[in-house]
Amino acid sequence: MSIRFIKNDKRFIINTKNTTYAFEIAFDRYLCHTYYGKKTSKIPAAEMRMLSFAPYMADLSEKNSPDVFAQECSFYGSGDFRPNALRLSADGTGVSDFVYKSHRTFRGRLELDGLPAARADENTQTLEVTLIDTVSGCRLKLYYTVFAELDIISRYMVVENVGKKTVKIDKCMPLMLDIGRSDLDMISLYGSHCHEVNFQRVPLHHGTQSVYSKRGGSSHQYNPFIALCDHNATDERGEVYGFNFVYSGSFLDEVDVDQIGRTRVLMGLGSDCFSYTLEAGQSFCSPEAVMTYSANGIGKMSRNFHKFVRNHIMPPVSLEPHPVVLNTWEACYFDIDEDKLVKFAREAKKTGFDMLVMDDGWFGKRNDDRAGLGDWFENRDKFPDGLASFVRKIQAEGVKFGIWVEPEMVNPDSDLYRAHPEWALRVEGREPLRSRHQLVLDMSNSDVVDYLIALFDKTFEGIQIDYFKWDMNRHMSNVGSSVLPADKQGEVFFRYMKGVYRLFDWFLDRFPNAVIETCSGGGGRYDLGMMQYGIQIWTSDNTNPYDRTMIQASAMLAYPAATMSCHVSNPHEDLRSLDYRYKVAVGGMLGYELNILNMSEDIKRDISAQIAEYKSFDHVMRLGEYYNLAFPTKYDYSAYYYTTEDASEIVLTVIEKAGCKKGTTKKLRVKVADANANYTDVRTGKTYSGDELRAGITVELLGERDSAHLFLFKKA
Ligand code: DGJ
């Protein structure tokens with residue numbers, strides 16, 4: 001059992017393969033955190049000490065203040081002045097003070113109420129600790145679900161109002177970790193539309209540093225993933241703590257360094273975009289957050305997360321080959337119709353594609369981005385015989401069919417909005433702001449979700465759809481719902497996400513043979529919540545290979561290649577080499593979006609060869625382990641490899657950035673190679689001994705525009 005309770009010490013110990021996590025019950029009330037780090041049997045006792053101005057219970061001493069010791073969950077207003085995990089009360093003060101009541105452990109895990117959560121397997125175990133707050137009349141259950149093999153522990157909480165009063169929750173941070181030091185760097189991923197997940201690593205400072213989204217989606221601006229590491233941690237060395245949130249809406253990650261240099265990490269639903277009222281008898285279940293610890297550098301943290309995401313977050317079907325798609329967007333934008341796309345399908349088949357994905361522009365009066373969202377029925381000018389007949393024609397050409405949808409949105413110029421303006425998020429008396437000419441549907445209103453279900457059900461009735469691309473192209477402002485009373489408007493952000501997840505569940509249920517690619521103007525919802533529903537995420541609207549190299553390298557810190565949808569695209573103004581774009585795109589799941597009707601036979605032949613080659617090694621990218629060799633923010637090239645677990649196949653990629661010095665040589669050490677084996681690079685036929693690969697192969701940077709190197713090593 002990975003979870004133990006030592007009765008005499010009132011101590012909980014969670015052991016994973018390489019880590020130990022521990023806390024104890026102090027004074028029969030507080031849950032004091034005592035250890036998280038490298039696996040050990042030497043667990044320190046809770047640290048009690050004197051701190052001036054630290055309030056304490058009358059029956060305890062000055063050394064026993066909640067402001068002093070490390071905690072598992074801290075409550076606003078009850079003596080802990082650091083940022084708190086929970087702000088809840090029945091009397092408007094926000095003050096609560098939950099004390100330990102009982103606990104139990106069990107195999108597996110419980111489901112979260114309408115929220116995505118990591119899938120259990122036969123080794124998963126859960127600890128449930130129950131606390132009570134007699135004044136508010138609430139019970140709080142803290143959950144620790146343990147994925148021991150992967151060194152992952154997840155946390156979420158449930159508040160049950162078992163009293164008689166109405167209770168309001170204003171802040172709910174299911175993950176809280178107190179670390180007794182602050183000589184750490186914080187890694188986070190910031191960005192903007194088309195420039196997602198930029199790597200940032202800065203030393204912690206006193207005060208609170210945070211990343212957050214108030215946008216309704218997890219956002220391009222800050223990814224929910226963060227990590228803390230030693231100042232000198234590298235890919236292979238140093239202590240690293242990694243954190244992530246299994247949720248796709250507004251969030252708050254707080255990292256606070258307190259008066260005496262201790263660090264608190266909090267992850268969850270912050271006060272800005274969250275409040276929740278619980279009537280007597282009701283309960284609230286938070287989303288889940290996950291954490292890992294590596295004593296062996298950043299690379300190990302990434303591999304822990306990658307394996308966890310593949311095996312416990314992404315749908316099992318994502319372990320199988322992902323289709324190589326030809327997407328119509330950058331080739332056609334809104335200019336699509338039946339004739340053109342049937343020709344696309346014919347050429348796509350000849351070139352070796354698995355699927356044609358019809359992007360935006362097929363429905364309502366959707367000739368540009370000013371109209372049509374919400375009217376999810378085919379545009380008869382473009383598809384005169386209807387959608388079903390069109391899809392049959394596509395499939396008759398021998399490719400599968402995928403279709404774009406953006407269910408959460410509505411254009412003011414649409415039949416839906418004209419019929420139901422009250423179904424858009426809005427605040428009474430205020431003009432709703434537009435973004436990309438669209439408004440956001442109120443997914444917290446179950447009538448809206450039911451309507452969408454009925455509409456999609458009818459539109460796609462009898463049509464074999466293999467793939468949905470689910471987009472979301474604006475963030476939320478004027479967040480208010482016409483169906484909630486004033487004192488519940490703070491719930492809209494959270495209820496919205498539950499409505500979205502319900503609709504995802506319906507799609508997966510209704511189209512059991514279809515898979516979903518999620519998207520939010522590229523990487524606007526690149527998060528573990530979305531990864532539960534889709535087999536991959538459209539990583540960025542930016543398909544420029546130079547920018548993509550940076551984006552993909554940073555994304556791989558927390559997310560495996562299997563999550564990244566990467567297309568070779570039709571460059572807008574400047575035709576860069578197909579080979580370079582391909583070598584960048586195979587860092588994730590390969591696809592293309594270019595006009596196959598304008599393409600020379602030579603280019604089509606090259607693409608066929610690329611697809612065939614990719615299919616010979618895509619399993620290594622999809623299921624393999626990731627090792628970074630040169631991060632492109634630090635070097636003028638990017639280098640990394642993926643390896644099968646038994647190191648029998650290794651894909652090594654080197655992408656040169658602009659301005660690389662011609663003729664520079666780099667030694668790239670493939671340390672996982674089997675020292676007793678020989679490897680052949682199947683691209684060149686050249687053989688290397690395992691020792692040679694471990695010592696490092698020499699790659700000469702060409703320093704030319706668009707140079708990249710791909711090695712496909714196979715054990716002889
Ligand atoms: C944004 C997406 O990221 C693009 O790939 C494309 O689907 C457009 N939306 C369509 O409007």
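**Figure 1. Helix α9 crosses helix α10 in a left-handed sense.** In this predicted model, α9 spans residues 545–555 and α10 spans residues 578–585. The two helices pack at an angle of about 15°, and their axes are 10 Å apart. Because angles under 35 degrees count as roughly parallel, α9 is described as roughly parallel to α10. On the α9 side, the contact is made by Pro-545, Tyr-546, Arg-548, Thr-549 and Gln-552. On the α10 side, Tyr-580, Arg-581 and Val-584 take part. Sorted by class, the contact of α9 with α10 contains four nonpolar, two polar and two charged residues.

**Figure 2. Helix α3 packs against helix α4.** Helix α3 covers residues 338–351, and helix α4 covers residues 387–396. Their axes come within 8 Å and cross at roughly 25°. This angle makes α3 roughly parallel to α4. The crossing in which α3 passes α4 is right-handed. Helix α3 contributes Glu-338, Leu-341, Val-342 and Ala-345 to the contact, while α4 contributes Phe-390, Lys-393 and Ile-394. The contact of α3 with α4 comprises five nonpolar and two charged residues, with no polar residues.

**Figure 3. Helix α3 also meets helix α11.** Helix α11 is formed by residues 601–623. The axes of α3 and α11 come within 9 Å and cross at roughly 60°. With this angle, α3 is oblique to α11. The residues of α3 in this contact are Glu-347, Lys-350 and Thr-351. Their counterparts in α11 are Lys-604, Ile-607, Ser-608 and Ile-611. In the contact of α3 with α11, two residues are nonpolar, two are polar and three are charged.

**Figure 4. Thirteen residues surround the ligand, shown here with those that come nearest.** Of the 13 residues around the ligand, the nearest are Asp-359, Asp-360, Lys-469, Asp-471 and Asp-541.

**Figure 5. Side chains of Asp-359, Arg-436 and Asp-541 approach oxygen atoms of the ligand.** A polar atom in the side chain of Asp-359 is 2.6 Å from a ligand oxygen atom. For Asp-541, the distance between a polar side-chain atom and an oxygen atom of the ligand is 2.3 Å. In Arg-436, an N or O atom of the side chain lies 2.9 Å from an oxygen atom of the ligand. Asp-359 and Asp-541 are also among the residues that come nearest to the ligand.

Key:
Residues are numbered from 1 along each chain as its sequence is written. This is a predicted model: local features need pLDDT of at least 70, side-chain atom pairs count only at pLDDT 80 or more; totals for chains, interfaces and linings use all residues. Side-chain values use heavy atoms; hydrogens and water are left out. Axes are lines fitted to C-alpha atoms, for helices over the stretch in contact, and angles run from 0 to 180 degrees between N-to-C directions. Helices (H or I, at least four residues) and strands (E, at least two) are DSSP runs, numbered from the N terminus. Angles under 35 degrees count as roughly parallel, over 145 as roughly antiparallel, 65 to 115 as roughly perpendicular and the rest as oblique. A crossing is left-handed if the near helix is turned anticlockwise from the far one by less than a right angle, and right-handed if clockwise. Contact means heavy atoms within 4.5 Å. Ala, Val, Leu, Ile, Met, Phe, Trp, Tyr, Cys and Pro count as nonpolar, Asp, Glu, Lys and Arg as charged, and the others, Gly among them, as polar. A residue is near a molecule or strand if one of its heavy atoms lies within 4 Å of it. A polar contact is a pair of N or O atoms within 3.5 Å; within protein, one must be able to donate a hydrogen and the other to accept it, and residues adjacent in sequence count only if both atoms are side-chain atoms.
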